[in-house]
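Open the model in your viewer and keep the selection panel within reach. We will walk from one element to the next, with a short note on what to look for at each stop.

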Amino acid sequence: MTDESTDPTADVSPPDRPATDVLYETGPSLRPAVVKLALALVVGVLVEAYVLTHPRLFGSRQYTEIGAYVVGLVVLVLLVRYAVRVYLLKRYRYTITDDAVRWEYSLFYKTRSRELPFSKIRGHEFRQDRIQSVLGFGSVSFLSGGTNRSLGFLTFENVADPEEVQSVVKSRLDP
């Protein structure tokens with residue numbers, strides 16, 4: 001048996017904030033961005049192959065080469081965009097604790113966090129379109145009485161198990 005004051009693994013919270021238990025922790029699903037990345041790659045390769053196999057597509061061989069460069073550049077920009085999106089999504093964390101829901105983001109030594117206490121939550125909204133339903137993810141928004149820039153809302157976007165998030169929040173809101 002170890003003494004809590006000497007145990008380095010003991011949960012130590014700042015003095016102004018009591019310790020809370022984490023009920024649920026997740027991050028956004030990477031599937032939508034990965035699907036878009038793969039789709040951009042496949043369509044880009046097919047278009048590039050078509051342009052290169054038809055040397056007189058744009059009237060002359062020189063114009064077709066320019067067209068192939070333009071297509072390659074557009075595909076490269078799309079691939080970089082979706083690859084950056086996947087990287088950024090990996091930096092988000094969604095947490096439900098005993099007393100609040102929290103969104104956290106960290107990138108290059110910069111951290112942002114937004115917390116909405118359960119006492120301030122006035123409602124929650126579950127959104128899932130057809131594609132999200134097929135891929136098994138959705139979004140859950142938590143609403144309070146404020147506006148967009150205040151503690152008005154907090155959204156867990158593209159979570160892998162939105163029904164579980166919704167049920168955990170319902171169990172904390174319904175006494």
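Before the first selection, a word on pairing: two strands pair if DSSP finds at least two bridges between them. The elements themselves are DSSP runs, numbered from the N terminus: helices are H or I with at least four residues, strands are E with at least two. This is a predicted model, in which local features need pLDDT of at least 70 and side-chain atom pairs count only at pLDDT 80 or more, while totals for chains, interfaces and linings use all residues. Residues are numbered from 1 along each chain as its sequence is written, and side-chain values use heavy atoms, with hydrogens and water left out.

**Stop 1: the E5-E6-E7 sheet**

Select strands E5, E6 and E7, which form an open antiparallel sheet in that order. At its edges are E5 (123-127) and E7 (153-159), each pairing on one side only. On average, neighbouring strands here are turned by 15° against each other, direction ignored; for such angles, axes are lines fitted to C-alpha atoms (for helices over the stretch in contact), and the values run from 0 to 180 degrees between N-to-C directions.

Now zoom in on E6 (residues 138-143), which pairs with E7 in the antiparallel sense over five bridges. Which residue of E7 stands opposite Gly138? Pick Val159 and you have the partner.

Stay in strand E7 and click on Asn158. Its phi is positive, about 50°, although Asn158 is not a glycine. Is Asn158 buried or exposed? Asn158 counts as buried because its relative accessibility is 14%; buried means under 20% relative accessible area, exposed over 50%, and partly exposed in between, with a 1.4 Å probe and protein chains only.

**Stop 2: the E1-E2-E3-E4 sheet**

Next, select E1 to E4: these four strands make an open sheet in the order E1-E2-E3-E4, again with antiparallel pairing. E1 (22-26) and E4 (110-117) are the edge strands, each paired on one side only. Neighbouring strands of this sheet are turned by 15° against each other on average, direction ignored.

Follow E3 (residues 100-107) along E4, and you will pass eight bridges in the antiparallel sense. Ser106 is a handy marker, since it stands opposite Thr111 in E4.

Between E3 and E4 runs a loop that holds Tyr109. Tyr109 has phi near 65°, a positive value in a residue other than glycine. Tyr109 counts as exposed because its relative accessibility is 89%.

**Stop 3: helix H4**

Add H4 (residues 162-173) to the view. H4 lies across E1, E2 and E3, at about 155° to E1. H4 also lies across E5, E6 and E7, at about 170° to E5.

**Stop 4: helices H1 and H2**

Finish with H2 (residues 61-89). At 1.5 Å a residue, its 29 residues should span 42 Å, and the end C-alpha atoms are 42 Å apart, which agrees; the expected span is 1.5 Å times one less than the number of residues.

Color the buried residues of H2: Thr64, Gly67, Ala68, Val71, Val75, Tyr82, Val86 and Leu89. Their cover includes helix H1 (31-53) and strand E2 (92-97), where contact means heavy atoms within 4.5 Å.

Finally, show H1 beside H2: they pack at an angle of about 170°, with axes 9 Å apart. That makes H1 roughly antiparallel to H2 (angles under 35 degrees count as roughly parallel, over 145 as roughly antiparallel, 65 to 115 as roughly perpendicular, the rest as oblique). The contact of H1 with H2 comprises 17 nonpolar, four polar and three charged residues; Ala, Val, Leu, Ile, Met, Phe, Trp, Tyr, Cys and Pro count as nonpolar, Asp, Glu, Lys and Arg as charged, and the others, Gly among them, as polar.
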